[in-house]
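Visitor: Could you give me a close look at one helix in this model, and then show me what lies beyond that helix? I work at the bench, so please explain the terms as you go.

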Amino acid sequence: MGAATPVEVTVPDQAPRRTALITGATAGLGAAFARRLAAEGWDLVVVARDAERLATSAEELRARHGVAVSVIPADLATESGVGTVEERLRNASAPVELLVNNAGIGLNKGFLRSTLDDELRILRLNVEAVMRLTFAVLPQMTERRSGDVINVSSVSGYGVTAPGSTYTATKAYVINFSESVGQSVRRHGVRVLALCPGFVRTEFHQRAGIPTAGSPGWIWLDADSVVDGALSDLRKGRYVSVPSMRYKIAATALRHAPHALVRRFSEAGNRAVGRGAR
Ligand SMILES: NC(=O)c1ccc[n+]([C@@H]2O[C@H](COP(=O)([O-])OP(=O)(O)OC[C@H]3O[C@@H](n4cnc5c(N)ncnc54)[C@H](OP(=O)(O)O)[C@@H]3O)[C@@H](O)[C@H]2O)c1
């Protein structure tokens, strides 16, 4: 483990350097955040488990954008992994001005067929790590009266699904937690955004063993567009970002429709992507 050596390159503008820390930065939405923020001139700290892939991603970002990128190989579902990242976030001599809590997993199993280990792993990564890293970074941000946190949730956090029951519960936590903390730190000049995408083309479904072959094309979002929308919503001061009109409508329906209807909607959604009830 350890920070890779930044390549010496001149960044186009002379604005002060800012650092963003992104978890799960080697694939999908995290990689899209890394590309976009590096293109804006942010220095990065990138976190994921696969050290080799992390080093390759960091090298590509440095070479393409001329920013400093350091790596922290860490499993955020473990005490030591989350502890290492907390320590980096508390380092006052190298402040992080944007934290993107993005790393997250799903499970394609009904609760009864799952294992306690899997259920605990998803809670540790999707919930505990998000809370702990936010807790670690906020004191410095509120002290400086500047800083942003983006917590990646999901539009499914507004509803219910089976299988994957614990997943939607973790994402409901992230929405509620982010909005609540966001309200309490806003007066200190700090913004917290919950990002709630629908289906995004990433490695997520393949990793979780969720079949997507029969799913209609219209349900899929592109990771770069989701990130564009999230950063735009954050900078407009919004608390929640739901990318695309179709998922804004879905989120509104999930929040305001009668609950029995929401359950039916969720069952239909599961059928659309080929997921059975168990
Ligand atoms: N894709 C979707 O349709 C969708 C929809 C709504 C919300 N989301 C949310 O978006 C976020 C990102 O998902 P994605 O679709 O971009 O997933 P992805 O393509 O599977 O990428 C996941 C990233 O997280 C890292 N990661 C996984 N487990 C980790 C762990 N225990 N510790 C540290 N890093 C870990 C992975 O790298 P390593 O394997 O090397 O650790 C990888 O960089 C998640 O929170 C997910 O719930 C996704």
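Guide: Happily; what follows starts with one helix and then moves on to the ligand and a few single residues.

This is a predicted model, in which local features need pLDDT of at least 70 and side-chain atom pairs count only at pLDDT 80 or more, while totals for chains, interfaces and linings use all residues. Residues are numbered from 1 along each chain as its sequence is written, and side-chain values use heavy atoms, with hydrogens and water left out.

Let's begin with α2, which covers residues 51–65. Helices (H or I, at least four residues) and strands (E, at least two) are DSSP runs, numbered from the N terminus. At 1.5 Å a residue, the 15 residues of α2 should span 21 Å, and the end C-alpha atoms are indeed 21 Å apart, so the two values agree. (The expected span is 1.5 Å times one less than the number of residues.)

Which residues of α2 are buried? They are Leu54, Ser57, Ala58, Leu61 and Arg62. Buried means under 20% relative accessible area, exposed means over 50%, and partly exposed is in between, with a 1.4 Å probe and protein chains only. Viewed down the axis of α2, these buried residues fall within an arc of 135°, so they line one face of the helix. The arc is that of the directions from the helix axis to the C-beta atoms. An α-helix has 3.6 residues a turn, so residues three or four places apart point the same way. On the face turned away from the buried side, α2 carries the exposed residues Glu52, Glu60, Ala63 and Arg64.

And what does the buried side of α2 pack against? Its partners are α1 (28–39), β2 (43–48) and β3 (69–73), where contact means heavy atoms within 4.5 Å. Both ends of α2 are worth a glance too. At the start, a side-chain oxygen of Asp50 comes to within 3.2 Å of the backbone nitrogen of Glu52. Just after the helix, Gly66 takes a positive phi of about 65°.

Now for the ligand. There are 31 residues around it, and Thr26, Tyr167, Val200, Thr202 and Arg207 come nearest; a residue counts here if one of its heavy atoms lies within 4 Å. A backbone N or O atom of Gly24 sits 3.2 Å from a ligand oxygen atom, and one of Ala27 lies 3.5 Å from an oxygen atom of the ligand. For Leu76, a backbone N or O atom is 2.9 Å from a ligand nitrogen atom. The protein covers 97% of the 890 Å² of accessible area that the ligand has on its own. The elements giving two or more residues to the shell around the ligand are α1, α5 (165–186) and α6 (204–208), and α6 gives the most, with 3 residues.

Since α5 has come up, let's follow it. Its 22 residues should span 32 Å at 1.5 Å a residue, and its end C-alpha atoms are 32 Å apart, which agrees. The buried residues of α5 include Thr166, Tyr167, Thr170 and Val174, and the buried residues pack against α4 (116–144), β5 (147–152), β6 (190–195) and α6. Thr166 has a relative accessible area of 16%. Leaving out residues up to four places away in sequence, Thr166 touches Phe111, Glu119, Ile122 and Leu123.

Another buried residue is Leu231, at 1% relative accessible area, in helix α7 (residues 223–235). Leu231 and Leu37 are 194 residues apart in sequence, yet 9.4 Å apart in space, C-alpha to C-alpha. Not counting residues up to four places away in sequence, Leu231 touches Phe33, Arg36, Leu37, Glu40 and Ile150.

Two loop residues round off the visit. Arg145, in the loop between α4 and β5, has a positive phi near 60° although it is a residue other than glycine. Ser244, which is not a glycine either, has a positive phi of about 80° and is found in the loop between β7 (240–241) and α8 (245–256).

How values were computed: A polar contact is a pair of N or O atoms within 3.5 Å; within protein, one must be able to donate a hydrogen and the other to accept it, and residues adjacent in sequence count only if both atoms are side-chain atoms. Accessible areas come from the Shrake-Rupley method with a 1.4 Å probe; for residues, only the protein chains shown count as cover.
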